[in-house]
Amino acid sequence: MRCPVSIHMIFVFLLAVLSGGCGTGYETEMEKQRETLSPYEVDGEVPPYGRNYNFIVTADSLRLKGEANDRQETVLHKRDAIVVSEFSVAGSDSAEMLWVKVARDQSSQGWISGAELTGSTVPADPVSQFLMLFGRNKCTYFICASLCFLFFFALRKMKRKSSPVAGIVSAYPSVLCFVAVLSSTVYVYVSRHSPELWAYYFYNPVLNPFELPLPLSVLVSCVWLMVMMLVAVIDDLTRVYTVYTFYNLMIAFSGCVICYILPVLLCGYSLTAVYLFFLFVLVVAVRNVVFAVGCRYRCGNCGSILRDKGSCHWCGYDNV
């Protein structure tokens, strides 16, 4: 029986993660930063970023106010790199506001409100930039993934009648979609029930799940597992390179994107809808995995699993 390359890759990756997962001080660092910035607490919240934190401007322009007696304004432009140097709380007794002093260089610095800073910039960390990019365009990604899924599924149906290929007999695409919806459901749970924790993680991301609190650890572990399942899907579906293989890959990838983004969109309406969708994908994934595991035969030529003896649906080899 041929062992897929992806199994070896997953095993090596797990060893690498386990060997580096020794840190446990993430919550301690979070509490230290909260205590340091507690004088700048506004409406029960402290800024999730501290001094010397780096941002990249995403707005077309950003105006910084000078000191109290200085009417001069500094204009920053898109993609400018800035650093946080100071905090202050100002305003009336009924409406206090957090102000942050940022600087591009010695001659270009000034004050800006905390809300305007977070809305017009992105952390310089590449993980935070990816989270921001994916979060802002989730509706576009969902629509594109849905159209791709329907298009390639329709093409596969039309080709199926004239093609010797019978269909996909693999557990990996179903597991990939389940891991995607699990990741999204955990993200919805964390963002709803622990918004302060998620905000701190956004500005201080860590990719090692063993250094994080339990909710974030589960989320990051799911994301890593989703990456590994993507590798497994590619390895399992590309044993024979045909146009039909490309259809199956696109269906699997677009289905993964839909399963990840749909719960995020549904959470704006009802958490019950999110959990029902999660249960639906779980039932479908378990059904498909049980069916794939129940296939007792393998092709003598390419090693793919078969429902029954006969012609292989991948390479066409006649197994008798």
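## Worked exercises on a predicted fold

R156 is buried, with a relative accessible area of 13% (buried is under 20%, exposed over 50%, partly exposed in between, using a 1.4 Å probe and protein chains only). Residue numbers start from 1 along each chain as its sequence is written, and the model is predicted, with local features needing pLDDT of at least 70. Side-chain atom pairs count only at pLDDT 80 or more, while totals for chains, interfaces and linings use all residues, and side-chain values use heavy atoms, leaving out hydrogens and water.

**Exercise 1. Get an overview of the chain.**

Step 1: Start with the elements. The protein chain has 10 helices and 11 strands (DSSP runs numbered from the N terminus: H or I of at least four residues for helices, E of at least two for strands).

Step 2: Look at burial. Of the 320 residues in the protein chain, 42% are buried.

Step 3: Check how far apart the partners sit in sequence. Among contacts (heavy atoms within 4.5 Å) with a separation of 6 or more, 60% join residues 24 or more positions apart.

**Exercise 2. Place R156 and find out how far it is from Y247.**

Step 1: Find R156 in helix 5, which covers residues 138-160.

Step 2: Compare sequence with space. R156 and Y247 are 91 residues apart in sequence, yet their C-alpha atoms are 6.4 Å apart.

**Exercise 3. Sort Q33, Q129 and S108: is each one buried, partly exposed or exposed?**

Step 1: Take Q33 in helix 2, residues 26-36. Its relative accessibility is 16%, so Q33 counts as buried. Skipping residues up to four places away in sequence, Q33 touches P47, P48, Y49, G50, Y200 and N204.

Step 2: Move to Q129 in helix 4, residues 126-136. Because its relative accessibility is 33%, Q129 counts as partly exposed. With residues up to four places away left out, Q129 touches I56, V122, P123 and A124. The Q129 side chain also reaches the backbone oxygen of A124 at 3.1 Å. Go on to Y203: it lies 74 residues from Q129 in sequence and 9.8 Å away, C-alpha to C-alpha.

Step 3: Finish with S108 in strand 6, residues 108-113. S108 is buried, with a relative accessible area of 6%. Beyond its neighbours within four places, S108 is in contact with T74, V102 and A103.

**Exercise 4. Work out how helix 6 and helix 7 each pack on helix 8.**

Step 1: Helix 6 (residues 172-193) meets helix 8 (residues 214-237) at about 160 degrees, with axes 9 Å apart (axes are lines fitted to C-alpha atoms over the stretch in contact, and angles between N-to-C directions run from 0 to 180 degrees).

Step 2: Name the arrangement. Helix 6 and helix 8 are therefore roughly antiparallel (under 35 degrees is roughly parallel, over 145 roughly antiparallel, 65 to 115 roughly perpendicular, the rest oblique).

Step 3: Check the residue classes. The contact of helix 6 with helix 8 has 23 nonpolar, 1 polar and 1 charged residues (Ala, Val, Leu, Ile, Met, Phe, Trp, Tyr, Cys and Pro are nonpolar; Asp, Glu, Lys and Arg are charged; the others, Gly among them, are polar).

Step 4: Try helix 7 (residues 195-203). Helix 7 packs against helix 8 at about 55 degrees, with axes 10 Å apart. That makes helix 7 oblique to helix 8.

Step 5: List who does the touching. Helix 7 contributes L197, W198 and Y201, and helix 8 contributes L216, L219 and V220. By class, that contact has 6 nonpolar, no polar and no charged residues.

Notes. A polar contact is a pair of N or O atoms within 3.5 Å; within protein, one must be able to donate a hydrogen and the other to accept it, and residues adjacent in sequence count only if both atoms are side-chain atoms.
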